[in-house]
Amino acid sequence: MTRETWATRTGFILAAAGSAVGLGNIWRFPWMTAENGGSAFLLVYLVIVLGVGVPGLLGEFVIGRRARRNPVGALRDLSGSRVWAAVGGISAITGVALLSFYSVVGGWILRYLLVSLAGPFTGGAAYLADPGAYFGSVSFGVGAAGYHLLFLALTGLIVLGGVRRGIELGTKVMMPAVLALLVGMAVWVSTQSGAGAGYDFFLTFDLETIRANFFSILGPAAGQALFTLSVGAGTMITYASYIDEDRSLPFDGSVIALLNTGVGVLAGLVVFPLLFSQGIDPGSGGPGTLFVGIAGAFGALPGGGVLAILFFGVVAFAALSSSISMLEIPVAVLVDEVGWSRRRAVGTLLALIATTGTITAFQPALFGFVSGTLVDFLLTGGLLAFLLFAGWVLGRDAVAEYVTGAGPIATRLATPWLFAVGVVIPVFLTFTLLTTAGVDARLGFWPTVVAAVVAVAVVLAGLRRRAAV
């Protein structure tokens, strides 16, 4: 069976950016920002995107293009180890876990979009009268499960079309639409009275807040950065495996990270000024911030019904562009490793995720655990494993793959990049995992740092001994 490839470089960049630019930027980012100090969270998030996310993205690109396989096949073929193949297999589990909550949120988006479209014919969208009560009544239960299945079906149809006719074609339409509509809404929101308070909350950096709450911000910021860049789940290994020619991975990775971060900031420039212009507390809604706060703002604005259609249309496109990448991870594993047809792989996985997502749609506590703690641990741990693999199993081969097609500036950064992904970032990610688990609260800052360094040193020693055998 001939393996599919991207038709164009633009298609690859837009697909990879579309994977990153999803509900993580438009739904999760405003919620996490509001709950973790506003601009303080933004600053920590941006530093992690630049210092951890971009090198991590390149690490996954190197593995995927080197092997031209999914995460399971890539780690197995490049290492000759079934242990590493099992590590790669966790990425397929991560993809299923992600979609088990993501498709529920995608269902919320579809419901709100359809209700907004019906608004002109029903005397106004149903959620406008009492956004909080409406969201509370539809966020979980039979209706939520039904819309989850609808969103999952749309995702499956796109992935069923394959790399070129499905994923690439879909993201070529959705990504420009997301960017254009967000820019237009950001310009419009800037004209609203009271929007300045939203800009202050989002953009005025407060170093004192960072110093006082750094460790409580660090875990969510790291999880958000990895979630929005789609690193740690094997998505970028899978997407890079479809590259059919030598390209500059550092250039492509930088463009993707720039697009992703730009959309996140754009979303903040829409959401926070809009909330503050209507006197709505951005931190009061939690996961429902987008649906309660924003819906309430639309209800108070002239022409709010039209704006709601545009906004939820943007979010629906963004959600689909990411969900297709999550489904593609386990699909690629079944197609490449088990020999299934794409149709059989998509159908089987849709049945599985339909079940797990339906369970999540009925269990708010489970939804909160999966969308928060579980996803943060899986993505952070997944990226940690991929970077250790790139730095210590591939080693100089990783550098060779990194510089293939790269320009002179990127080539000079190859050795520092290898040291970063092999040593520095793994220590940071291990420290983040420990702080997320509350170890720093029990041991203190420096003992936790030492524990992270020791843990990474032990793993590196094991990798070196295995390489020497």
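## Two helices that cross

An axis here is a line fitted to C-alpha atoms, taken for a helix over the stretch in contact. With that in hand, let us look at this model, which is a predicted one. Two packed helices are described by the angle between their axes and the distance between the axes. For helix α10 (residues 207–229) and helix α16 (residues 364–394), the axes come within 9 Å and the crossing angle is roughly 70°. Angles of 65 to 115 degrees count as roughly perpendicular, so α10 is roughly perpendicular to α16.

Which residues make this meeting? On the α10 side they are G223, L226 and F227, and across from them in α16 are V375, D376, L379, T380 and L383. Sorted by class, the contact of α10 with α16 holds five nonpolar residues, two polar and one charged.

## Q224, also in α10

Helix α10 also holds Q224. Is this residue buried or exposed? Q224 has a relative accessible area of 0%, and the limit for buried is under 20%, so Q224 is buried.

What surrounds Q224, once its neighbours within four places in sequence are left aside? Its contacts are G24, N25, R28, F29, M32, F41 and Y45.

## The largest pocket

Now for some empty space. Rolling a probe the size of a water molecule over the atoms shows where such space is left. In this model the largest pocket offers about 370 Å³. Its lining is made up of 18 residues, and the closest to the pocket centre are L50, V54, P55, L58 and S254.

Where does the lining come from? Helices α3 (39–67), α12 (249–277) and α19 (414–436) are the elements that give two or more residues to it. The largest share is from α3, which supplies seven residues. If you are thinking about the chemistry of the walls, the lining of the largest pocket divides into 15 nonpolar and three polar residues, with no charged ones.

## F317 in α14

Our last stop is F317, a residue of helix α14 (residues 304–338). F317 has a relative accessible area of 31%; partly exposed is the range between 20% and 50%, so F317 is partly exposed.

Not counting residues up to four places away in sequence, F317 touches M174, A177 and V178. There is also a long-range pairing to look at in the viewer: F317 and L23 are 294 residues apart in sequence, while their C-alpha atoms are 9.4 Å apart in space.

Notes. Residues are numbered from 1 along each chain as its sequence is written. This is a predicted model: local features need pLDDT of at least 70, side-chain atom pairs count only at pLDDT 80 or more; totals for chains, interfaces and linings use all residues. Side-chain values use heavy atoms; hydrogens and water are left out. Axes are lines fitted to C-alpha atoms, for helices over the stretch in contact, and angles run from 0 to 180 degrees between N-to-C directions. Helices (H or I, at least four residues) and strands (E, at least two) are DSSP runs, numbered from the N terminus. Angles under 35 degrees count as roughly parallel, over 145 as roughly antiparallel, 65 to 115 as roughly perpendicular and the rest as oblique. Contact means heavy atoms within 4.5 Å. Ala, Val, Leu, Ile, Met, Phe, Trp, Tyr, Cys and Pro count as nonpolar, Asp, Glu, Lys and Arg as charged, and the others, Gly among them, as polar. On a 1 Å grid over the protein atoms alone, a cavity is a set of points where a 1.4 Å probe fits but cannot get out, and a pocket is an open set with protein on both sides within 12 Å along at least five of seven lines; lining residues have an atom within 4 Å of a point. Grid points are joined across faces, edges and corners, and a volume is the space filled by probe spheres set on the points. Buried means under 20% relative accessible area, exposed over 50%, partly exposed in between (1.4 Å probe, protein chains only).
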